[in-house]
Amino acid sequence: MRKWILILSAVVVLLALAFVNRWSVVMTAMSLMGPPALLEREDERGAAWFDDYYTVFGIDERTFAIGETRYWQRNFNYLIVGDDRAVLFDAGPGVRDIRAVVRSLTDLPVVFMPSHFHYDHVANGVEFENIAIVDLPYLRERMSEGRLSLTLDEHLGRLEGFGLPAFRVDEWWPPGTTVDLGNREVVVVHTPGHTLDGVSLVDQQAGYAFTGDFFGPGSLLEMVPTGGMGDYLLGVDNLLSYVEPDTRLFAAHRDLLADPVPKGVPETTVADLQALQRLLPRIRDGVADGQGVFPVVYPANENVALWANPRWMQDWERSSIE
């Protein structure tokens with residue numbers, strides 16, 4: 001009898017985690033462990049060390065990948081420089097102040113834009129002079145006293161002890177907008193799937209796309225709060241409509257599950273993105289086989305795999321928030 005009571009209790013706990021907020025439980029547990037220690041400094045070919053934390057990779061003379069290669073998630077943030085101003089796309093978790101690196105690379109005005117609101121991209125506590133946010137109606141509606149406060153599910157900062165930030169929004173950039181930086185333009189592309197608020201920036205003239213956590217080498221995470229399978233397909237379709245076959249896709253993290261973790265700027269191809277586009281309908285239609293229980297891992301090709309919710313929890317509705 002005791003055995004069956006224990007089994008029933010375990011089932012109840014699992015169901016509670018599925019239907020309540022399992023991520024709140026996970027975040028609380030991880031926050032008790034304290035902030036992760038920095039990784040050992042390693043040689044980074046093709047990069048210059050700014051200090052003992054940041055590395056700078058020059059993609060070209062006006063495009064820089066600012067790596068946080070000693071942070072456990074190995075974040076990459078991108079400085080896109082025009083003639084009149086620059087965009088800093090993502091800014092890491094705020095373990096260090098990225099503004100000093102940016103000032104060493106350009107003296108132009110800089111606007112910071114996060115690819116999405118997860119804590120490891122919004123530089124918690126760092127105050128930027130100019131902040132741009134993707135112009136989605138549900139975000140505008142939440143503005144209060146000139147600031148946008150994030151929710152727990154949007155931010156996830158409790159994983160490492162970060163409090164919820166509130167952004168001052170200086171510029172709203174609607175999806176599909178072309179932002180002129182002065183003899184250089186980037187297009188704002190709504191790419192939900194990893195998060196509802198996700199965006200990518202595309203420099204069509206240079207042949208670059210900056211994709212945040214939405215797309216990159218290794219594991220793509222749909223099974224996080226505000227992620228969605230239907231949204232992932234929407235995001236893939238959106239991004240493919242703005243890129244050419246030879247566009248280079250720059251991501252926000254290296255493939256952390258590779259052994260060893262690869263060096264250099266994390267980069268994928270349009271062919272990889274097309275592989276994901278083919279995979280998603282096969283998952284929806286029950287044709288693709290995944291591995292595991294939670295998450296369920298679906299390989300798109302040898303470079304990219306989607307980590308998804310179990311089939312019974314997958315949401316295939318597309319958001320209509322633009």
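**Salt bridges, a buried glutamate and internal cavities**

At a relative accessibility of 35%, Asp170 counts as partly exposed, and in this predicted model its side chain meets that of Arg168 in a salt bridge with an N to O distance of 3.0 Å. Arg168, at 23% relative accessibility, likewise counts as partly exposed. The structure contains 16 salt bridges in total, of which the pair formed by Asp170 and Arg168 is one.

A further salt bridge is formed by Glu171 and Arg85, whose closest N and O atoms are 2.8 Å apart. Because Glu171 is placed in strand β10 (residues 171-173) and Arg85 in the loop between β4 (75-81) and β5, this pair ties together parts of the chain that are 86 residues apart in sequence. Glu171 has a relative accessible area of 19% and is therefore classed as buried, the cut-off being under 20%.

Arg96 and Asp52 also meet through their side chains, in a salt bridge of 2.9 Å from N to O. This pair links distant parts of the chain, with Arg96 in the loop between β5 (86-89) and α3 (99-105) and Asp52 in the loop between β1 (47-49) and β2 (55-60), at a separation of 44 residues. With a relative accessibility of 27%, Arg96 counts as partly exposed, and Asp52, at 36% relative accessibility, is also assigned to the partly exposed class. Both residues belong to a network of salt bridges that links Asp51, Asp52, Arg70 and Arg96.

Glu160, located in the loop between α5 (152-155) and β9 (166-168), is buried yet has no salt bridge. The nearest side chain of opposite charge is that of Arg74, which lies 12 Å away, and since a salt bridge requires the nitrogen and the carboxyl oxygen to be within 4 Å, this pair does not qualify as one. The side chain of Glu160 does, however, make a polar contact of 2.8 Å with the side chain of Tyr71, and a polar contact of 2.7 Å joins the side chains of Glu160 and Tyr119.

Val122 is found in the loop between β6 (110-113) and β7 (132-134), where its relative accessible area of 3% places it in the buried class. The C-alpha atom of Val122 is separated by 6.4 Å from that of Asp90, although the two residues are 32 residues apart along the chain.

Attention then turned to enclosed space. Rolling a probe the size of a water molecule over the atoms shows where empty space is left. A search of the whole structure returned two cavities of 30 Å³ or more. The largest cavity has a volume of about 40 Å³, and its lining consists of Ser115, His116, Thr191, His194, Thr195, Gly198, Val199, Thr211, Gly212, Asp213 and Phe214. By class, the residues of this lining comprise two nonpolar, eight polar and one charged.

The second largest cavity holds about 30 Å³ of space and is lined by Met113, Pro114, Ser115, His116, Phe117, Ile133, Val134 and Asp197. Its lining divides into five nonpolar, two polar and one charged residues. Ser115 and His116 appear in the linings of both the largest and the second largest cavity.

Conventions. Residues are numbered from 1 along each chain as its sequence is written. This is a predicted model: local features need pLDDT of at least 70, side-chain atom pairs count only at pLDDT 80 or more; totals for chains, interfaces and linings use all residues. Side-chain values use heavy atoms; hydrogens and water are left out. On a 1 Å grid over the protein atoms alone, a cavity is a set of points where a 1.4 Å probe fits but cannot get out, and a pocket is an open set with protein on both sides within 12 Å along at least five of seven lines; lining residues have an atom within 4 Å of a point. Grid points are joined across faces, edges and corners, and a volume is the space filled by probe spheres set on the points. Ala, Val, Leu, Ile, Met, Phe, Trp, Tyr, Cys and Pro count as nonpolar, Asp, Glu, Lys and Arg as charged, and the others, Gly among them, as polar. Helices (H or I, at least four residues) and strands (E, at least two) are DSSP runs, numbered from the N terminus. Buried means under 20% relative accessible area, exposed over 50%, partly exposed in between (1.4 Å probe, protein chains only). Lys and Arg count as positive and Asp and Glu as negative; His and the chain ends are not counted. A polar contact is a pair of N or O atoms within 3.5 Å; within protein, one must be able to donate a hydrogen and the other to accept it, and residues adjacent in sequence count only if both atoms are side-chain atoms.
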